[in-house]
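Reader: I'm new to reading protein structures. Can you walk me through one, feature by feature?

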Amino acid sequence: MLPRAEAALTKFRTVFGHPRLSVNSVSSYRQPLAADIAMWRDLGIEHVGLILPKIDEIGWDEAREMVNGAGLRVSTIFGPTYRPLGADHTIGSWDEDRARTVETVEFGASVSAASVYVCSGAAS
């Protein structure tokens, strides 16, 4: 590694040594979760935030194994985003949204996430 790059990496690791800082996987949105975990390992990052699209891509069980196996500390999980509150509940979206929330909270518990957050949906 070039000396300048090594110095930058050392500075980065010093900053991310703080226990209250985490890296959210939305910052590498186009990467799959496995690539995020490899990148975090290379950078020495252990405290992370997860997003549902990356979990969905590989499934709950595989994501759980990867996160727990990597020894990551999960600060938060961005859960499902709801449809507008005025959406027609008879088309099944309400039940689907509630089920996704339960799945996300259960996944969060299985990886010891400190929190799960959702976007509630627009009022109209």
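Author: Sure, let's begin with an idea we need for sheets: two strands count as paired if DSSP finds at least two bridges between them. In this predicted model, four strands form an open sheet in the order S1-S2-S3-S4, with parallel pairing. The edges are strand S1 (23-24) and strand S4 (116-119), each of which pairs on one side only.

Reader: What pattern does the chain follow, read along the sequence?

Author: Reading along, you get α-β-α-β-α-α-β-α-β. That gives five helices and four strands.

Reader: How much should I trust the model? What is the mean pLDDT of the chain?

Author: The general idea goes like this: where pLDDT is low, the predicted coordinates should not be read in detail. Here the mean over the chain is 85, and 81% of the residues reach 70 or more. Confidence is lowest in H1, with a mean of 65, and highest in H4, at 98.

Reader: Back to the sheet, then. How many bridges join S2 and S3?

Author: Five bridges, in the parallel sense. One example is Val48, which stands opposite Val74 in S3. On the other pairing of S2, S1 joins it in the parallel sense over two bridges, and there Asn24 has Gly49 in S2 as its bridge partner. Then three bridges join strand S3 (residues 73-81) to S4, also running parallel.

Reader: What do S1 and S2 make together with helix H2?

Author: S1, helix H2 (residues 33-43) and S2 make a β-α-β unit, and it is right-handed.

Reader: Which way do the side chains of a strand point?

Author: In a regular strand the side chains alternate between the two faces of the sheet. Take S2 as the case: His47, Gly49 and Ile51 point one way, while Val48 and Leu50 point the other way.

Reader: Are those S2 residues buried or exposed?

Author: For that you need a cut-off: buried means under 20% relative accessible area, and exposed means over 50%. Five of the five residues of strand S2 (residues 47-51) are buried, so the strand is largely enclosed by the rest of the structure. Across the chain of 124 residues, 31% count as buried.

Reader: And what does the surface of the whole chain come to?

Author: The accessible surface is about 7,700 Å², and 58% of that belongs to carbon and sulfur atoms.

Reader: I keep spotting ring side chains. How many aromatic pairs are there?

Author: The count comes to two aromatic pairs. For Trp60 and Phe107, the ring centres are 5.4 Å apart and the planes sit at 50°, so this pair is tilted. The pair links distant parts of the chain: Trp60 belongs to helix H4 (residues 60-69) and Phe107 to helix H5 (residues 93-110), 47 residues apart. Trp60 counts as buried at 18% relative accessibility, and Phe107 is buried too, at 0%.

Reader: What about Phe78 and Tyr117?

Author: Phe78 and Tyr117 form a stacked pair, with 4.9 Å centre to centre and 25° between the planes. Once again distant parts of the chain are linked: Phe78 is in strand S3 and Tyr117 in strand S4, 39 residues apart. You can tie this back to the sheet, where Phe78 stands opposite Tyr117 in S4. Tyr117 is partly exposed, with a relative accessible area of 36%.

Reader: So how do I judge whether contacts are long-range along the chain?

Author: You look at how far apart the touching residues sit in sequence. Among contacts between residues at least 6 apart, 75% join residues at least 24 apart. For a distance you can check yourself, try Arg20 and Ser75: they are 55 residues apart along the chain, and their C-alpha atoms are separated by 8.8 Å.

Reader: Where does Arg20 lie?

Author: Arg20 lies in the loop between helix H1 (3-15) and S1. With a relative accessible area of 72%, Arg20 is exposed.

Reader: One more thing: what is the phi of Ser112?

Author: Phi of Ser112 is near 55°, a positive value in a residue other than glycine. You'll find Ser112 in the loop between H5 and S4, and at 60% relative accessibility Ser112 counts as exposed.

Notes
Residues numbered from 1 in each chain as written. Predicted model: local features only at pLDDT ≥ 70, side-chain atom pairs only at ≥ 80, totals over all residues. Heavy atoms only, no water. Buried < 20%, exposed > 50% of the residue type's maximum accessible area, 1.4 Å probe, protein only. Contact = heavy atoms within 4.5 Å. Areas by Shrake-Rupley, 256 points an atom, 1.4 Å probe, with all protein chains shown as cover. Phe/Tyr/Trp six-rings, centres within 6.5 Å; stacked < 30°, edge-to-face > 60°. Right-handed = clockwise from strand over helix to strand, strands pointing away. pLDDT = per-residue confidence, 0-100.
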